[in-house]
Amino acid sequence: MSLDLGAACSFRQVGYAYPGSSVPALRDLTFQVRAGEWLALLGANGSGKSTVARMCNALLIPTQGDCSVFGLDTRDPANLFAIRSKVGLVFQNPDNQIVASVVEEDVAFGPENLGLPPEEIESRVREALLTVGLWERRRSATYALSGGQKQRLALAGALAMNPSLLVLDEATAMIDPLGRREFVDTLVRLRSAGKTILQITHRLEEIVGADRVVVLKGGTKVFEGTPLELFSSRRDLGAMGIGVPPLVELREELLERGLISPEVPPTLEALMGALCP
Amino acid sequence: HSLDPRTKILSTLVLLFALFGVRDPRFFLGWGVLLAFIVFLSRVSLRTVLRSVRPVLWLLVFTVLLHALFTPGEAILRFHFIKVSREGLHMAALMGVRLVLLVAFAGLLTLTTSPMELADGMESLMSPLARVRFPAHEMAMMMTIALRFIPTLLEETDRILKAQISRGADLEGGGVVKRLRAFVPVLVPLFLIVFQRAEDLALAMESRCYVGGVGRTRMRPLRWCLEDWVALGLMSVSVAGLLFLERAVG
Amino acid sequence: MSIEVSELHHVYHRGTPLEYHSLRGVSFELSPGDWVSVVGHTGSGKSTLAQHLNGLIRPQRGRVVVDGISTDGSPKELREVRRRVGLVFQFPEQQLFADTVYDEVAFGPRNWGFPEEEVRRLVFEALEAVGLPESMVASNPMGLSGGQRRRVAIASVISSNPAYLVLDEPTAGLDARGIEELISRLNSLRSRGIGVCHITHDLEMALEHSSRILVLSDGEVALWGTPSEVADRLVRDPIRGLVVPSVLQLALDLRRRDLPVPLTWEPGRLAGAIKEMRG
Amino acid sequence: MKEPVKLSNQVALGALCAAAVTALTMVSVPVPGYRLYFNLGEGTIYLAALLFGPRIGMAAGGLGAALGDLILGYPMWAPLSLVIKGLEGAVVGHLGRRLKPPVAIAAGAAVMIAGYTASAWVLYGPAAAPVEAVTDLVQSSVGALGALVALGVLGRVLKDRAD
């Protein structure tokens, strides 16, 4: 039994193999999501990222090592409901997580499952929809929303559960660049409102706002550190199976030519500030 | 309009069953008035209600003709080998008007009640059956989800159809069997998509603490208030009244 | 020889409350060996345009002519158009249905009536073009990884030996390595004379690989030209719903601060220019 | 394939299958030469029942067909379809476990045809019954053929996935 106080979610030497598969999806993985931080989990397809997401919510149980959420062991069935009401999960395909035809009814689905009184549900739905900017569309058909809006609806559905930890499993992979930008902006707002975030992605450009980064490859950890440290080890990124976004490349080129200093992060604002003081 | 969906479902059922008790076509006039009155109360335009009859129009014509022409009895009109009997006309009128009223009342229910409300109402009405292990909650939940996925799957079907046509699949020509074979490349991917989506959806539902109907609450619980008693009462009384009147006069 | 699209209009659900103008007078041209990217926001009409190119949607107004054959002709002509223009839908792996990779890839050529030995040759050629080993022909497509399934799906379109290839968001859901791999495969098809039409919402990718770019906005042609022409005009008047690539945006911001850098989306070029300026 | 064990899986799969039935009922295919349209809704019910068992079959048949009736403008038939096609799906799914698929489908189709014919008798009068019966017979044979052809491929494909 692990009791990591201050850890929202803790993986200790976790191993996992899907039934019938000879290749393990996770191998000896140890890391923590600290309460209140934004942790980005980065990796190519097939690196084991989604397996991690499902473990945070006890949808999968480690075959080796252990995984605990707010000190609750995910292996104990008695903890199931408590864990799931503390961890909000947003999946890759927004279309496969929306259950109702009307926006507000979909957001209400989670709180209804918790057995909350109607007034409480109503206020949670309102708050969640306001947070993701869909309050005006509360009576719209879910089908009529754009991909980006659908994904923010899925986020609202998770938020209405009032989770302490938000896990986003490749939540931006299927939406267009504009929707992606709006989604990441929402994350930044949630972060400043004090939510703990575990963001799983393969896009380096989306982790700029994160506090720390863990990189997975072949089901095991190959990097842990701050985003800036990761950007600075650009040469290794290719080997980790991660694409280098143009701004990171530009930052590197500017560094090589001695035009900026190493503490400048690869964002538009920071680079502008460094180049035109 | 604002009545509890349970009231509307029950009233419609009462009406539909009662319509089969009518034997004299002339008394449909009374029913017509009742329909008009409910339509007036529900603030749906009469035209919209009548439009709901349109899909069954050819069926209506067919039924009426069938009865008019083939009911044996005293002939009042002859045209070569076609004869129309008094009984035939009677039956035709009875069947025709009954069908129109049936469809109109059923149409009225669906016009004033969203499918979601219908699902909620049915769940609640059937919940006593849960004791004999009838899955009332699961049915309603499935109906809600199915409604949400119909447009999505229509779009998928369209996309798969177009993709296979682009690869030269010929869905237009050939006999029935050949065409059915041509649909395998559509049915198979669609089922795989259904299967995949269902797996993902189940995970998403579980992660939002779905464990079935027990202990679940609703954001907008159904409220059965005085008006519902009154409406249901009025409806039963007028239906019984009309049936009684017919028997009394007949 | 080319696909010529002229003054194309399309309205969905005409005469109903759902009426929706999808295309309003779109014209462009795709020649063999060209790479045209069609870029636009969600709902800009990209996919509708794609479905016009092989006659899945017949023009309501305007014309689509493929190698001299119009898409509003007879069913026979239409089939010829569809064979010449291969269309890869978004998430094409979802359309797989056969038991074996071979049958899947052979579906197209068999439908077009190629003799079986020709089908065999086409299947192996197509698998090679997408980088799948010959030994895979007997495998069940469902047992493959996501990336491999996508390749099987693309092979199943290439196997019809099309002169043009239209791809709707072919990189969606792939990771960096997968995208790189796919783009280089498409480039080699292009060098063999196939005309590539790449539908995408990623302007950065379009700038990098295309010979020409068509920018759609609300069903109208907002821009049509070479990547540098498009970059040049785009920064002068931005287009709704289109995200300007970050490096290009930085170059623009620098020019606004009176640094005369070139309007480029290439990191190396921009950094070099700044260095030169600073001496 | 076996029926999913967990409730959430059952509800999700049942709902998706029902939606597929409705969607394919709405996409109709003209038959050449005859003034007749058939749709793949019936075949989808058989497939769902044979692949996933009686419960899913019941949900797909009953809910799918009832929603189809509601959407296509035959609300009056919806409650009848709910019962008749639900029963049909359940029968096919139940028998499909023990008997050969064609036999299971035939039994289910018999239930469906009997149900609709009786309903037509009551609603439109005795003369309409044979017409209804013949239409249903055509509809279900077409569906059965489609389902059986697709079943072979799907069975193999899904088995590979489940392993």
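Trainee: Which side chains meet B:R208 and A:D106 in a salt bridge, and at what distance, N to O?

Mentor: A salt bridge is a side-chain nitrogen of Lys or Arg within 4 Å of a carboxyl oxygen of Asp or Glu. In this predicted model, the side chains of B:R208 and A:D106 form one at 3.7 Å, N to O. Between chain B and chain A the count is five salt bridges.

Trainee: How should the numbering and the limits of the model be read?

Mentor: Residues are numbered from 1 along each chain as its sequence is written, and chains are lettered from A in the order in which they are written. Local features need pLDDT (the predictor's confidence in each residue, from 0 to 100) of at least 70, side-chain atom pairs count only at pLDDT 80 or more, and totals for chains, interfaces and linings use all residues, while side-chain values use heavy atoms, without hydrogens and water.

Trainee: How many residues does the contact take from chain B and from chain A?

Mentor: Contact means heavy atoms within 4.5 Å. Chain B gives 29 residues and chain A gives 39 residues.

Trainee: What is the area buried between chain B and chain A?

Mentor: The size of an interface is often given as the accessible area lost when the parts come together. Buried area is summed over both parts and uses a 1.4 Å probe. Here the value is about 3,000 Å², with 53% from carbon and sulfur atoms. B:R148, B:R208 and B:M219 supply 29% of the area that chain B buries against chain A, more than any other three residues.

Trainee: What does the model score for ipTM and pTM?

Mentor: The scores are ipTM 0.90 and pTM 0.87.

Note on methods:
Buried area is the accessible area (1.4 Å probe) that two parts lose on being put together, summed over both.
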